[in-house]
Amino acid sequence: MTGAGISSLRDPLRPAVVGARIGGGVRRLFRGADAVDTVAYALVGLVLLFAVVGLFWQPMDPYRAVPADALLPPGTDGHLLGTDTSGRDMLSRLLAGAGSTILAAVAVVALTTLIGVVVAGIAAMSPRPVDEAIMRLCDIVMALPAMVLALGIAAALGPSLQSIVVAMTIAAWPGTTRLVRGILRETMAASSVEAARVMGASRLRVMVRHVLPNSLDSVYVQASMEISGTIVLIAGLAYLGVGAAPPSADWGSMVAAGQQYITTAWWVTAVPGLAITAAAVGFGLLGDAIRVRLDPTVGRA
């Protein structure tokens, strides 16, 4: 599956489209330099390190409000990245939010990929009427913008990180299903698959033993692209107020909480905003690098 296949999705806010545009856009900016891959690995490694460390350790209590210490600049009184509007340590909150944000993005991508592969496999194996019915269902869901659909579902479920994961999964699985179904159909036309059919292998055996193993490279590319876009959309939903309830430390909520102080306490918004940017760019570039390595014929944009 190439970048063209991803960008063929009509909704520009589908996770895979967002991720592909971030990775491809940054790479085009630097003319496809090989150093960009090193930057991608470094950014992803740093984000993952933050996420893992943040699950087990923060230098201060990220939820303890100290009103007297509100809006302290970076480097003041031991607060390396300053404090927020309630006097909570920004570095501690950034670490606490890293784990939940990255885990939520990975959970969404894992669920959408699993659902997409299973449903696409059923569609590809089924008679044409069943295949058409599944694809029309996907079209119906995809007719609504992903962000609007996810926002509505998350708001109905109530503000929490789990609500965002469920909402994003429901909004994203049809796009993944359509792309994977196309990949499976293309693989099923290969001569080796046709030979297995002629030898009497059942449809299920052909799918499991011959089609899926030869399609996984494209599924990996799809998943890697989606992580970047999912991070952005999860942060966007949290920014709009349907993320985890206060005093949670997810990055989107942190940006929203500090937006009115952008001219007087820039770090409250800039710190989580830069974290979101680094994570999205890193995973976007990583997805683009995986795409090129698995399919060198596409070249570097």
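Helices here are DSSP runs of H or I with at least four residues, numbered from the N terminus. With that naming, Leu-71 can be placed in the loop between α3 and α4. Please keep in mind as you read that this is a predicted model.

**The loop between α3 and α4**

Let us stay in this loop for a moment. Leu-71 has a phi near 60°, a positive value in a residue other than glycine. Asp-77 also lies in the loop between α3 and α4, and its phi is near 50°, again positive in a residue that is not glycine. As background, most residues other than glycine have a negative phi. How do the two side with respect to solvent: buried, partly exposed or exposed? Leu-71 is partly exposed, with a relative accessible area of 27%. Asp-77 counts as exposed, because its relative accessibility of 59% is over the 50% cut-off.

**Helix α3 and its buried side**

Before that loop comes helix α3, residues 35-56. Its 22 residues reach 32 Å from the first C-alpha to the last, close to the 32 Å expected at 1.5 Å a residue. Which residues of α3 are buried? They are Val-36, Asp-37, Ala-40, Val-44, Val-47, Ala-51 and Gly-54. These residues cover an arc of only 135° around the axis, which puts them on the same side of α3. A general point helps here: an α-helix has 3.6 residues a turn, so residues three or four places apart point the same way. The face turned away from the buried side of α3 carries the exposed residues Thr-38 and Phe-56. As for partners, the buried residues of α3 pack against α2 (15-29), α4 (90-125) and α12 (267-294).

**Along helix α4**

Helix α4 offers several residues to look at, and Gly-99 is one of them. Gly-99 has a relative accessible area of 0%, so this glycine is buried. Leaving out residues up to four places away in sequence, Gly-99 touches Ala-51 and Leu-55. Ala-51 is among the buried residues of α3.

Thr-112 lies in α4 too, and is buried with a relative accessible area of 0%. Its side chain is joined to that of Glu-226 by a polar contact of 3.3 Å. Leaving aside neighbours within four places in sequence, Thr-112 is in contact with Met-168, Thr-169, Ala-172, Trp-173, Thr-176 and Glu-226.

Gly-121 is another residue of α4. At 7% relative accessibility, Gly-121 counts as buried, because that value is under the 20% cut-off. Its contacts, not counting residues up to four places away in sequence, are Leu-184 and Met-207.

Two C-alpha separations help to place Gly-121 in space:

| C-alpha pair | Separation in sequence | Separation in space |
|---|---|---|
| Gly-99 and Gly-121 | 22 residues | 32 Å |
| Gly-121 and Tyr-220 | 99 residues | 16 Å |

**Ser-163 in helix α7**

Ser-163 sits in helix α7, which covers residues 161-188. Is Ser-163 buried or exposed? Ser-163 is buried, with a relative accessible area of 5%. What joins its side chain to that of Ser-160? The link is a polar contact of 2.8 Å. With residues up to four places away in sequence set aside, Ser-163 touches Ala-154, Leu-157 and Gly-158.

**The pair α8 and α9**

Two packed helices are described by the angle between their axes and the distance between the axes. For helix α8 (residues 191-198) and helix α9 (residues 203-211), the axes come within 10 Å and cross at roughly 145°. The crossing of α8 and α9 is right-handed. Which residues meet there? Val-193, Ala-196 and Arg-197 in α8 meet Val-206, His-210 and Val-211 in α9.

**Helix α11 under cover**

Finally, helix α11 (residues 251-258) is mostly covered, with seven of its eight residues buried. The buried residues are Trp-251, Gly-252, Ser-253, Met-254, Val-255, Ala-256 and Gly-258. What covers them? The cover includes α4, α10 (216-239) and α12. Two of these elements, α4 and α12, also have the buried residues of α3 packed against them.

Definitions and conventions
Residues are numbered from 1 along each chain as its sequence is written. This is a predicted model: local features need pLDDT of at least 70, side-chain atom pairs count only at pLDDT 80 or more; totals for chains, interfaces and linings use all residues. Side-chain values use heavy atoms; hydrogens and water are left out. Helices (H or I, at least four residues) and strands (E, at least two) are DSSP runs, numbered from the N terminus. Buried means under 20% relative accessible area, exposed over 50%, partly exposed in between (1.4 Å probe, protein chains only). A polar contact is a pair of N or O atoms within 3.5 Å; within protein, one must be able to donate a hydrogen and the other to accept it, and residues adjacent in sequence count only if both atoms are side-chain atoms. Contact means heavy atoms within 4.5 Å. The expected span of a helix is 1.5 Å times one less than its number of residues. The arc is that of the directions from the helix axis to the C-beta atoms. Axes are lines fitted to C-alpha atoms, for helices over the stretch in contact, and angles run from 0 to 180 degrees between N-to-C directions. A crossing is left-handed if the near helix is turned anticlockwise from the far one by less than a right angle, and right-handed if clockwise.
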